[in-house]
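Here is a friendly walk through one part of a protein model, with a closer look at how its strands sit together. Have the sequence and the structure ready as you read.

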Amino acid sequence: TDGVVVWQDQIFAGNREGFDFNSAPVIVGNRLVATNKAGVYAWDRSTRRRAWNRRITFPLPSGEETATPTAGPEGGPIATDGKRIYVLSNNGQTGECLAAALRPSDGRVLWRSPFAAPSFAAPALAGDRLYVAGSDGRLRALETKYGLVVADAPLGEPSAAAPVLAAGHLVVGTGAAP
């Protein structure tokens, strides 16, 4: 009501590697979950303590000193269906993106699904499908239980836009250079 900070947690004091938080947090049950370029973090909302953190890909490729969108960012924007947390993580060492599902209670990785190109936007959820737009100009649909790709469609050009679902339609912006 008054904007006073109730609690906080400093992950990296004096961060010089670029491991900033690059996603809006989500709330799943008693967990507050957010990602930065060094991992996925969850806090217990009752105790206000860090519950777990999970790394999906390496934060920095060999020889790199600062994380950038293509040089090792861990989980970008995230999504949840209330049962799982879905994260995307670009791997600066391989040039791939990994989509992953995590269990909210302990951060256990339930599945990982690699793509050949980075993704720079939030995934979208509809029913039991997770939609991911890629910098390679492809839209992928994964089933949420095991992470299997059930559709892979060309967009005509690269995308850095989050897919949007409404009224039975899927809209994806394109035109961003890889």
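## The two sides of β3

In this predicted model, strand β3 sends G39, Y41 and W43 one way, while V40, A42 and D44 point the other way. Residues on both sides are buried.

Is β3 largely enclosed or left open by the rest of the structure? Strand β3, residues 39–44, is largely enclosed, because 6 of its 6 residues are buried. Buried here means under 20% relative accessible area.

## Neighbours of β3

Follow β3 to its partners and you will meet strand β2, residues 31–36, which pairs with β3 in the antiparallel sense over 6 bridges. A hairpin of 2 residues links β2 to β3. Within this pairing, A34 stands opposite Y41 of β3.

Strand β4, residues 49–54, also pairs with β3 in the antiparallel sense, this time over 5 bridges. Here the bridge partner of Y41 is N53 in β4. Y41 therefore makes a handy landmark: it is one of the buried residues of β3, with A34 opposite and N53 as its bridge partner in β4.

The hairpin of β3 and β4 has 4 residues between the strands, and R48 takes a positive phi near 60° there.

## A look at N91

Now turn to strand β6, residues 85–91, where you will find N91. Is N91 buried or exposed? N91 has a relative accessible area of 10%, so it counts as buried, the cut-off being under 20%.

Leaving out residues up to four places away in sequence, N91 touches T57, F58 and E96.

Conventions. Residues are numbered from 1 along each chain as its sequence is written. This is a predicted model: local features need pLDDT of at least 70, side-chain atom pairs count only at pLDDT 80 or more; totals for chains, interfaces and linings use all residues. Side-chain values use heavy atoms; hydrogens and water are left out. Buried means under 20% relative accessible area, exposed over 50%, partly exposed in between (1.4 Å probe, protein chains only). Contact means heavy atoms within 4.5 Å. Two strands pair if DSSP finds at least two bridges between them.
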